[in-house]
Each structure stands twice: as structure tokens, then as C-alpha cells.
Amino acid sequence: MVPTNLTKFLLILSLVWLSQYSQAQQKYTINGYAKDAENGEELIGVTVYVNELKVGTATNVYGFYALSLPAGDYTLIFSSVGYKTVTKQVSLTKNETFNIELPVEVTSLDEIVISGDPIDANVTDITMSRNELDIKQVKKLPALFGEPDIIKTIQMMPGVITAGEGTSSFFVRGGSADQNLILIDEAPVYDPSHLFGLFSVFNADVIKDSELYKGGIPARYGGRLSSILEVRTKDGNNKKIGGAAGIGTLASRFMLEGPIRKEKSSFIISGRRSYADLFLKAAGQENLVHFYDVNAKVNWKHNNNNRFFAALYLGRDVFNFDDTFGFDWGNITGTFRWNHLFNDRLFSNTSLIVSNFDYALEFDDDAQGFNWTSNLQEFSFKEDLNYFINTRNELEFGYHLTYRRFSPGEISPTSEASIFETQEIQNDYALDHSIYLGNEQRLSDRITLSYGARLSIFQNVGKSDVYIYEDPQDNIDIVHKDTLHYDHLENIKTYVNLEPRFAARFMINPRSSVKVSYNRMVQNTHLISSGTVPIPFNTWSPSNYYLKPQLADQVAVGYFRNFKDNTLEFSVESYYKDIDNVTDFADNAQLFFNKDLPTEYRQGDSWSYGLELMLQKKEGRFTGFASYTWSKTERKIDGVNLGRPFLANYDRRHVFNIVGTYDLNDKWSFGGSLTYSTGRPITVPAGRYKYGDTYQVDYISERNGYLLPDFHRMDLSATLTPRKNKDRKWKSNWVFSLYNAYSRKNAFTIYTRVQQDDEGNIINGDVKEARMISLFPVLPSVTYNIQF
Amino acid sequence: MNIRMLIYIFVISILSGACEDTIDVDLDKADPVLVVDAWINDKPEDQVIRLTMSQPYFEQSLPPEVSGATVTVKDNEGKIYSFMEHDAGKYVWTPTAVNPTLGKIGNVYTLNIQLQDGDSYLSATTMNRTAQVDSISFTYEEETPFFPESYLAEVWARDQVGVGDSYWIRAYKNGVLLNKPQEVNLAFDAAFTEGSNFDGITFIEPIRRGINPVDLDEDDDFIPPYDLGDSIYVEIHSISNEAFYFLTEVVIQTDRPGGFSELFAQPLANVPTNIYATENTGKGVVGFFNVAAVSGKGKKLKE
């Protein structure tokens, strides 16, 4: 079935090109890289516009563009937000290469900036349901403990929901937290949290660019259902040595970058470490907690046709209590990339990627000491190609191969006398092949289409033993009927899925457009967690003999409009998403160290719909955005909540956010954010009963039947840049933050207990009370940053 | 080791700034459901089954009893034991000279409850073999920074050979059952959980020592579990694996740490039941039916 459809699809696609080739006349190609004039960083998404033909393109994620034009004289206009527009006259008689450098736009506060860009991405770009993050703005915004965090800004975007403050999880268009593919330099990060989610692993000093796809996801991405968060780090200044450092309330960071060989190769290295533990140690505290991050990258631009990059991230959280027990977790990712030009129009990116996530728990005790470790590794080979066919067609296609190894848990005793024996839950292995093909086609000045598909072939392979259960849904009286043995790399189960992707843009006029998109996504890695927020001690499992792949279909439609010479961008989008086989777990599931985990799996349906509004101002003294989201997400799963539909535990009906920064003068700038959302649902008992004379047992009538109170919070910040900076090599600034400015007590969660007084003594064993936990009162912080 | 405990400790140490308040929660009224407390055994004494209804969550009231029901237990040999209502909601079977005890190891027992309003409920379980209490010992422990000088009791018993035996070890100190959630002592084979490969051996130490009361004085210091002159009686009840799971969940639910860890905790769900409505299948019912074989031994702590 599937292969036939694919063949048909490919056939039609090739016919489309052939018909265009037949009419082609003598054409030449202009290509090259767009770079920041100051530090040589490649720039992503720079629009390249041919004034005479009213056509254009944009640089790809590696900063490369190519245009195929008939011979003639042209005016090329290169533009990007935050950079001066550069115009180039070209007389095209042969293939040409133009590497262009864009100077940074220094917004002098006296002059009124009118960008008047001929092209504006918000309206004209085919992509919808996508948000870019301006890292410069993130740094000016108020931050918890003064640590700028892109995830906190992502949580303010339309269509994105949070579980509450103090977590790095986010929920995109009705998808759970594990349905987000989070990439740093193309390598997946399985747990992006520090300190259980107070901060994310992304150090703002090294981030060059980040974007979030919520819908209309291009065919080159796959593997998760709901979103792609792509974070790209800087390549390092290839013109001169530079750096930055910051001292914050909780952590300090430094960054150094510079050329190895000028204009040819460069490096960047950066580190961050929290230091609360150092103070605690000095104060004689035994409980020690810290985290750190290291980012490093080198690149070598051999020539225009061959460029090499190697990037490394490693980060870890370490907790120690009284020397008796501790735990730690962390990610390591590595990426090696080779950008190669096969010819003027065929751009290739070859990547080798590794990612490792692991955690460990250690309890040091003679009788009950144990050491518990769990980890997973991913190795990928990716070949991505961009073929700039002509000004009307831009093709992307590629092949991704991924091998994953999941090691859910191993326990070993820490002493001879320990009651624990060495035990291991067996590993899982998976092979994942994907091929994809997508074309962006400009049908006319008004209509652009993007269509393609991704074919995912996922295999759960040995070595493994698969238990056959008498009843796979019976998690209490577990009976193994049979055991199937599989050898190393022997196929256990194969899942083949075709993921069609489609998007279209229709220009109503130069200032407004309508866009529609459809995408199907497949997810073959499942997070084994039933809590609202994933914790680092969660394991992942591949689709296997019992777990089926999760499938999501999403349609979205949007209206995009710019005002005031493109300085104000407005959009309204609506979506409907349907998920099959969403992974959930049985009531009271035992998810830790359970060799019969398959009996806990419950898969079912999830559906979500919503409306999102966004108004954004990217240039001028005041920049920022306001977003509003109305959405609803439900699930219906056999064996959960008696098979009745229930609200997802991250569902919020209304979410409203405002984020803004204002440059008062060259000394002071201010930032602020305001968030308001209706409460998320939790499960509270509806009744209780007394059992065995002493036990007060809760009786639950409905999952997620109670809404927490509304959430709202305002944060403020001020950045002071001393005037004497101008003449100094070392530039410094101070960032003052006020988190939760009016000290709102927001409900983090509500739980119930037997009535107790302030000391925890039980007042009346027969009376229950509800307790609301709120995390952060007003929290001031100061960060001092230097740059050189 | 409970993962939620770890996180709880983390929370206390990091987020001491977090705050907690008692609040009013306006809950939807749920229909009350039948609560069946049917734990019977082969001890030669009155066997009791209690029927009550669940109560609104925040209300302080006595559990409403369910009167006028017909309660019988039938075994696979056709023998019927009738439970008569002595007090409201309390149904009792009294041993006779012909039937001095209820139950035989290996037999299947069916509980039948017929309510006055016509609803009826059914449950079936097997009486499993139990482990024999071999002996009880006391060891003297020196004072430590956390624990006073004391005598700790230890029960010696061996798990039956063959995987899949569940036991509830119930200890009585001076005739009083140790019944706090933290004092519930369950064994799956000779250890804590299924699949731990501790089969047919002596119970592991934490289970052997799980018969010591956990009591704190006013200053939150531990009280020595046993003193000279105290007596202890230990029973090992055989329970079904479903009952093991039921009791585990009851303990988890009555002993929730609360706080920040609730966000990472599994969603609240009803503890499982092995009782089913036969007449009106939409009717909710909670509780459990188990028929236990019991072994027991006592000891007095002397110089």
C-alpha cells in the first residue's frame, strides 16, 4: 500500500519538474553565503530579492543561498532583521558566487527607522506556525535568578503552554512534553532541564539562532509529533578574538571565541556553572547541588565548496545529600558536519551525530546500598541536500539513519552486605531509516506551495527477549505465556509510515496573506512517565512488540498581515490536531524498574484544537510581542479514567502573554513580561472511605476533573550600560531583574492530606484538607556581564 | 527506594522559599459507592465483613453503614458460609463445632453480596499457602545519633519454594496490631517486589525487621520499639498477588509525601478492587476480598 502511494507521488513530482525543464532557457546561477560583517557568523534566513524579476529566496540554515536566473542585469537586495540592507548590482553572463557580509544595524535612538523591506517573512514566507527567537531580546528580558533562558521565552509563544513556573517543559498545540524534538546543532537533547527544570540547558551566550516549528513542519524533520525546537550555536568569530562573561545570582558563565586562521577557521568555547554549593560548603552545609554546561565548536572553511564543523555540548546536574546518597543526570551531544557544494545549485550537508543521556542514583548504606544507572544513546548519520532548481522550485531531500540503544536500568549493590543483587532490565535497540523529499514551488506571484513526504521505517531489533503475556493489559496478575528470543540486530517489529507534508501560501496583497498547512508526524520513541512534568529519572522506550508508533495529523490555517511598513507583524492561526496511539499508562502504573512494563502501556486517542493570535514588533526602541491562545486538548484511552474522555493535564483554555523591551537611551533599557492563563486540570479525590479501621483511602471519580486557580505573573528588568563603555575595549552591563513583581501566589499544584497543624502533627485523622503549593515569591536578582 | 521521596528531599533543600497554604477546594459531589472490607482468614474465631458507603471528601462524618444485605462466602466444594448482620454494616460468621475454621488452602472462595435495593456484587479469590513463623528474636542495639538504645525484634520465616507467594506480616505489640501505613509489612516471595528473584529463602532483613513499631515522641525522636517485658505476636497471612498490589497502593495513597513531588507523581487513581457489580454494572464499588491462611508465633522480651 504505502510503497505504491509513494511511487505514484514521486512520479507526479518528477513530472512537475520535467515540464518545467522543457521550457527552461539558458540560465546562470548566483550563489554564496551571507555573513555577519562583524564576526563572520553565517546568517540564516537572509532574504535575497531580485528587484527586476520580483522573485527571491532566503539563505538556508547554513547561510547558503542560490538563485538560477536568465542572463541579464539585476539588482540583488539582501536583508535581514537587525542588519543593514545591502544592494548589489549584477550583470549575469556566467555562474557567479557572491558571499555577502551584512553590517549590524546600530539603532541610533534619534533617527526613526523605517525598514521598508521589499520582502517580509511574516507575510511572504511559506512557513507558518513557526516562531523565531531573538536571542538579543531574550538577554534583555527579566529572568528567574537572572539566568536568561530561551525556553522561558518559548513558553510565552502562541500555541505553547507550560505546566507552571519553574519547569522547562512546554506543551505545543495539545502535545505532551515528550512530543517536542529539541535539537542543539542537530543533535537531540533528551532532557533539556537543569535543577529539575528551573533552567534549561541552553546557555544564552552561545546561541546564534533558535526557532520553534509547531505546524507545517518541513519534510526534513521527523521523529516527534508536536514541535521541533532547533537551537543553533555560534560558529565563533573568525575575524578577531572576543568573549563574554557574566556573574549572576545563581550561576556564572564565560565564553571565548576567535579565529584559528583568519576568515578560514574559528572556535568558540563556553562554560557555565552554578555555585550555590560552594557557598553552602563554606557554610558547612552537607547537601550539595550544582550544574554545569560546556559548549565547544570549531569550524574550518576549506573553500566555498567544503566546510567542516564539529560541535560538542555536555551538561550535568549533581546532587549530594549527607554523603549517603546522591544522584546526577546529564546530556552529551556531538555533531560533525560537512557542507559541500556538488555544483552551483546542489548543496549538501552531511552530519554525524551522537547523543547520550544518562542518570544515576546512589544510596550508600551497608544493608541497603545500591547504585542505579540508566542511559540511552543515539547515533545518527544524516545526508540532507538542497537543490536550487530555478527561481520557482527549491528541492530538499535526504536520508537519515539512526541507531538507538536504550538501557532502562541497572542496579548494583554498593557493599557486600547489601540486600541488592546486580540486576539489569534488558536493553532495547532500534534502527530508524527515513528518506524524505520536499519541494517549494512558486506557482505565481501570489501562490507558493510546499509539498513533500517523509518515509519512516522503524525497526525494533534484538538482542532482546520478548515476553508473551496471557493478557498484555493485566498489570496485576502477570502471566508469561511464552518468551520470544531475538538475536543481535534481529528484527522484532518493523513499522513503516508515510508522513505527507503540505503547505500553501496565498498573497492577498503585498501586506497580507493566507496560509494553510497539513502535516503527519510519527513518533517512535516514547517517554515512560505518567507525571505531568517529565523528571530526569524517566526512561524512554522505542516502539516495540507492544508499543505502537504514535501518529499525529495536524491541519492549520492562518492569516498574516503586516502594518506600518512591516514594523508590526500580526498573525492569527487556527489548528486541529488528531493523535492516534498517544502513549499513556494504566492507573497506578509501576514504571520504575519493571521488567513487565508492557502490561502498563495504554495507548489511545488525543485531539486538540485552538486559535492563536500574535502581534509582534521586531524593530525600533520598543520591541516585543503579545500572544493569545485559546485551546482545548482531550484524551480518550481504554483502561484510563474508565475509558471516558478526559482533559490532558497540561490543558489550559486561555493563555495571554506580553513580552517587551524598551530602550530609553543608550544607558538604560527596560524589559517586562506579563503572563496570564487559566488553570490546568488536576485530579483531586471526590470522596473517601475508611478501610481496615485506620486507612483513609481516596475515592477518585474523574481524572483531571478539577481546575487549578488562574495563573498570572509580572516580571520586570532593567539593563544598565555605562556610557563610558563606548571608549572601552571591555564593555559591561548590569541586568537587574524582578521576578514575580507583585508577588502573586500562583498554585503550583494542590494536594490533599489528613488535617495537620503547622508542625505537621495530625489534628484530626478523620478530616482531610487541601493544600496549595506556590513556588516563588518576588525574587530580585542582579547579573553583571562583560563583553570584549 | 521511593523515587518521590528523593525528589521530596531535593525540594526541601532547594525550594525552602516555596510556600504552602491550606485552601478551600470546591469539589463536585460524587455519588457514594459501596465499600467492601472483606479480609477473612482461617483463624478459629469470628470472621467479619464490613459494608459501608464512601463519604464526601472534606466532610467529617462517620462512614454510613450498609444494613440489610445478604452476605455469603461459598467455596468450590459447594460449602456455604453465611455472614449475619450483628451490628449495622457488620456481618459475622461464627465458628461452630462442625466448622471450627473457615477455609482450606487451595480452595476457591466466592463472595456474594446482595443489597436491599437489588444491587449485587461478586468476588472470587483463592486461599493461598502461607509461610510458617519459625521463630522471633530480639537484638540489643546501641544508641546512635538517630536512634535510641533499644531492642529490635526480628521474625524468622522462609518463603515457600516457587515464585509468586504474597504475604502480609502483621505484628501485635502487647496485643495491639501495628497498623500505621509505615508499619504495613508486605512480602512478595522473600523480598519487596515481584521479579526480585528472592524465592524460597528466608525473608530479607528489612522484612524480618518490619515488625518494629515506628513511633515518635513529642520531640520527634524515635521511641525504642520494644522494652523489657513487652510481648510480640507475629502472624503471616497469605494474600493473593492482587491483594499485595491493593495494600501497596493503599499505603502509597494514605502516606503521600505531598508538596512539590506531587507534580512528578503518578496521577491519582483509585486503588484497584477485586469486587464487581453483577446487577447494575455501572455502579462503582471499592474494597477487597481476601481469604488468608495464617501462621503465628509470640514471644516476650525478657532479660
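What is the mean pLDDT of chain B, and what share of its residues reach 70 or more? I looked that up before anything else. The mean is 85, and 89% of the residues get to 70 or more; pLDDT is the predictor's confidence in each residue, from 0 to 100.

**Ground rules**

I keep in mind that this is a predicted model: local features need pLDDT of at least 70, side-chain atom pairs count only at pLDDT 80 or more, and totals for chains, interfaces and linings use all residues. Residues are numbered from 1 along each chain as its sequence is written, while chains are lettered from A and ligands numbered from 1 in the order in which they are written.

**Confidence**

For the complex, I noted an ipTM of 0.80 and a pTM of 0.86 from the predictor. In chain B, I found pLDDT under 50 throughout residues 1-6, where the model has 9 contacts beyond four places in sequence. Two residues are in contact if their C-beta atoms, placed from the backbone, lie within 7 Å. Residues 8-16 of chain B also stay under 50, with 14 such contacts.

**Chain A overall**

I counted 5 helices and 51 strands in chain A; helices (H or I, at least four residues) and strands (E, at least two) are DSSP runs, numbered from the N terminus. The C-alpha atoms fill a box of roughly 90 × 70 × 50 Å along the principal axes. I checked the radius of gyration of chain A too: it is 27 Å, which agrees with the value near 28 Å for a compact globule of 788 residues. That radius is taken over C-alpha atoms, and the globule rule is 2.2 Å times the number of residues to the power 0.38.

Buried residues make up 46% of the 788 in chain A. A residue is buried if 20 or more other C-beta atoms lie within 10 Å of its own, exposed if 12 or fewer, and partly exposed in between, with C-beta atoms placed from the backbone. Of the chain A contacts with a separation of 6 or more, 65% link residues 24 or more positions apart.

**Domains of chain A**

I have domain 1 at 2-106, domain 2 at 131-230 and domain 3 at 231-787; such bounds come from an automatic or database domain assignment. The C-alpha centres of domains 2 and 3 of chain A are 7 Å apart. Their contact takes 64 residues from domain 2 and 108 from domain 3. On the domain 2 side, β16(A) gives the most, with 4 residues.

**Cores**

Which residues touch the most other members of the largest nonpolar core? They are A:Ile150 and A:Ile154, in a core of 85 residues. A nonpolar core is a set of buried Ala, Val, Leu, Ile, Met, Phe, Trp, Tyr and Cys residues joined through C-beta atoms within 7 Å. This core draws at least three residues from each of domains 2 and 3 of chain A. Beyond four places in sequence, I see A:Ile154 in contact with residues including A:Leu133, A:Phe170 and A:Leu229.

**Two spots in chain B**

Helix α3(B), residues 241-254, has end C-alpha atoms 20 Å apart, which agrees with the 20 Å expected at 1.5 Å a residue for 14 residues. The expected span is 1.5 Å times one less than the number of residues. Among its buried residues are B:Phe244, B:Leu247 and B:Val250. The buried residues of α3(B) pack against strands of both chains, including β44 of chain A and β12 of chain B.

I then went to B:Thr193, in the loop between β14 and α2 of chain B. B:Thr193 counts as partly exposed because 15 C-beta neighbours lie inside 10 Å.
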